Each structure stands twice: as structure tokens, then as C-alpha cells.
Amino acid sequence: KSFGKKDVLKDINLSVSSGELVGVVGRSGSGKSVLIKTIIGFLKADSGQVIIKDDLKNKINFSMQDNSIHSQLTVKQNLRYFAKMYGLKRKEREEIIQEILNRLDLKDFENIIIKKLSGGTQKRVDIGCALLNSPDILLLDEPFLGLDPELVNRLGALIVELNKKGKTILISSHDLRILYSICSKFALIKNGNLSLIKKEELANAYH
């Protein structure tokens with residue numbers, strides 16, 4: 001994937017098996033977000049293709065660094081809006097909304113308009129919306145950005161729990177500590193290329 005004369009991603013080759021929890025690392029501007037946006041389809045690759053197993057029930061969902069939620073709606077209104085968009089029936093969506101509010105510590109904010117919330121709380125709402133349709137594949141771009149250490153750990157624990165339930169998860173993050181503790185596979189983007197690295201190499205990934 002190039003932008004003008006700048007090659008952002010070159011000869012990328014990454015295979016993610018069902019049930020893997022993969023951390024994507026790299027310096028700012030290395031192309032982590034571009035990779036995720038290309039997998040989702042927000043960006044079209046100049047060459048190559050993204051192949052996703054075609055027998056998945058709910059396929060794929062995501063939370064990007066730039067949130068997709070509506071700033072003029074409350075937390076609960078956002079969750080209801082996306083739940084309806086995913087076609088969830090009323091009883092089902094109310095049950096899962098309550099579960100997400102509780103799991104992501106959003107219960108106290110459910111009736112507050114998004115634009116009045118902190119960046120970290122907005123991020124949790126965005127991730128909550130991505131979980132509504134129980135996707136088989138979940139792509140998270142900098143999900144820990146703006147969260148305090150306790151919330152980082154709690155979100156990390158939730159991600160691990162989702163992975164243990166069979167979800168395939170791809171995370172890009174600068175937080176190497178949390179990726180080290182939760183991911184089973186690591187991909188480094190450097191100079192436009194992607195390479196798999198071992199867990200013990202993570203600490204020196206940027207050098």
C-alpha cells in the first residue's frame with residue numbers, strides 16, 4: 001500500500017490462524033493502522049489480497065484508533081444504534097448491552113453524551129460497540145490508548161477471555177507490556193515490511 005510516492009506496506013505476508021491472538025508492533029507511522037484498515041476494507045491495497053475464511057457466522061468487527069461512535073448520542077444510545085444495525089432482536093440486544101456496560105465499566109456513564117466523556121471512556125464505548133455482534137474476528141487498533149493502568153489490565157483480561165472463547169484477535173499497540181502478557185504471536189512492521197518475532201524479541205522490537 002502506497003500513498004503517493006511513499007511505500008507504507010511492502011510485500012506483506014501474514015497468516016493468522018483461527019483462535020490466535022496476534023500483536024502488531026512498530027514505531028509511529030510504521031503502517032500498523034494502515035494494515036488493519038486494509039484488512040477491514042477501509043483502504044484498498046495497491047496489490048495483493050486479503051483472504052478471510054468464508055464460513056464464519058459473524059465474520060469481522062473492529063475498533064479503530066479514530067472511534068466510530070456518535071458524539072451526540074449517549075453511551076447506551078450508541079450501543080442500541082449499533083445493535084439494531086447488526087440486526088439483534090430487542091431482548092437479545094438489551095441483554096448484551098447490559099453485559100457490555102458491566103464488563104467495560106460503563107454502567108455509570110450509560111446516559112452521558114459521548115462528547116462529554118474522556119478519551120479513554122470513549123474508547124471503551126467504541127470497543128463495546130464492536131463486541132455487540134459477537135464477531136469471530138476482532139481487529140483492535142490502539143485499544144489501550146488513553147486508559148489508565150488498571151483499565152488497561154482489565155481490558156487485556158477481557159481480550160484474553162474473548163480469545164479463549166474462540167475469537168481470533170489482531171491488536172496493534174505501542175503498549176508492549178500488555179501485548180507481551182496477552183498475545184501468543186507477534187508481528188513487527190519496520191520499513192514497510194512485516195516479520196514475525198519471538199516473544200523474547202519484543203522488548204527490542206524498535207531498535
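These are my notebook entries on a sheet, a buried asparagine and some aromatic rings.

**Entry 1: the model**

I am working with a predicted model.

**Entry 2: the sheet**

I began with the strands. I found an open sheet of six strands with mixed pairing, and I wrote down the order as β4-β5-β6-β3-β7-β8. Which strands stand at the edges? They are β4 (60-63) and β8 (193-197). Each has a single partner strand, so one side of each is left without a neighbour in the sheet. I also looked up the twist, which averages 20° from one strand to the next.

A reminder to myself: strands of a sheet pair through backbone hydrogen bonds, either parallel or antiparallel.

**Entry 3: strand β6 and its partners**

Next I followed β6, residues 168-172. With β5 (residues 137-141) it pairs in the parallel sense over five bridges. Two bridge partners went into my notes: L139 is matched with L170 of β6, and D141 is matched with S172 of β6. On β3, the pairing with β6 is parallel too, over four bridges. There, L21 has I169 of β6 as its bridge partner.

Is β6 mostly covered or mostly open? It is mostly covered, as five of its five residues are buried. I then checked which way they point. T168, L170 and S172 point one way from β6, while I169 and I171 point the other way. This reminded me of a rule from class: in a regular strand the side chains alternate between the two faces of the sheet.

**Entry 4: helices on the sheet**

I turned to the helices that pack on the sheet. Helix α1 (residues 32-40) touches β3 (21-25), β4, β5, β6, β7 (185-190) and β8. The direction of α1 makes about 150° with that of β5. Helix α4 (residues 119-131) packs on the sheet as well, touching β4 and β5. For α4, I noted an angle of about 175° with the direction of β4.

I also looked at how the chain passes from β5 to β6. With α5, these two strands make a right-handed β-α-β unit.

**Entry 5: asparagine N163**

While looking at α5 (residues 149-164), I picked out N163, which is found in that helix. Is N163 buried or exposed? Its relative accessible area is 17%, and buried means under 20%, so N163 is buried. What does its side chain reach? It reaches the backbone oxygen of K167 at 3.0 Å. Leaving out residues up to four places away in sequence, N163 touches G19, E20, L21 and I169. I had already met L21 and I169 in Entry 3, as bridge partners.

**Entry 6: aromatic pairs**

How many aromatic pairs does a search of the whole structure find? It finds two.

One is F42 with F62. Their ring centres are 5.0 Å apart and their planes are at 80°, so the pair is edge-to-face. F42 lies in the loop between α1 and β4, and F62 in strand β4, so this pair ties together parts that are 20 residues apart in sequence. I checked how covered each ring residue is: F42 counts as partly exposed at 48% relative accessibility, and F62 counts as partly exposed at 21%.

Y81 and F82 form an aromatic pair that is also edge-to-face, with 5.2 Å from centre to centre and 90° between the planes. Y81 counts as partly exposed at 40% relative accessibility, whereas F82 is buried, with a relative accessible area of 9%.

Conventions. Residues numbered from 1 in each chain as written. Predicted model: local features only at pLDDT ≥ 70, side-chain atom pairs only at ≥ 80, totals over all residues. Heavy atoms only, no water. Buried < 20%, exposed > 50% of the residue type's maximum accessible area, 1.4 Å probe, protein only. Polar contact = N/O pair within 3.5 Å; in protein donor to acceptor, adjacent residues only side chain to side chain. Contact = heavy atoms within 4.5 Å. Pairing = 2+ DSSP bridges. Axes fitted to C-alpha atoms, helices over the stretch in contact; angles between N-to-C directions. Right-handed = clockwise from strand over helix to strand, strands pointing away. Phe/Tyr/Trp six-rings, centres within 6.5 Å; stacked < 30°, edge-to-face > 60°.
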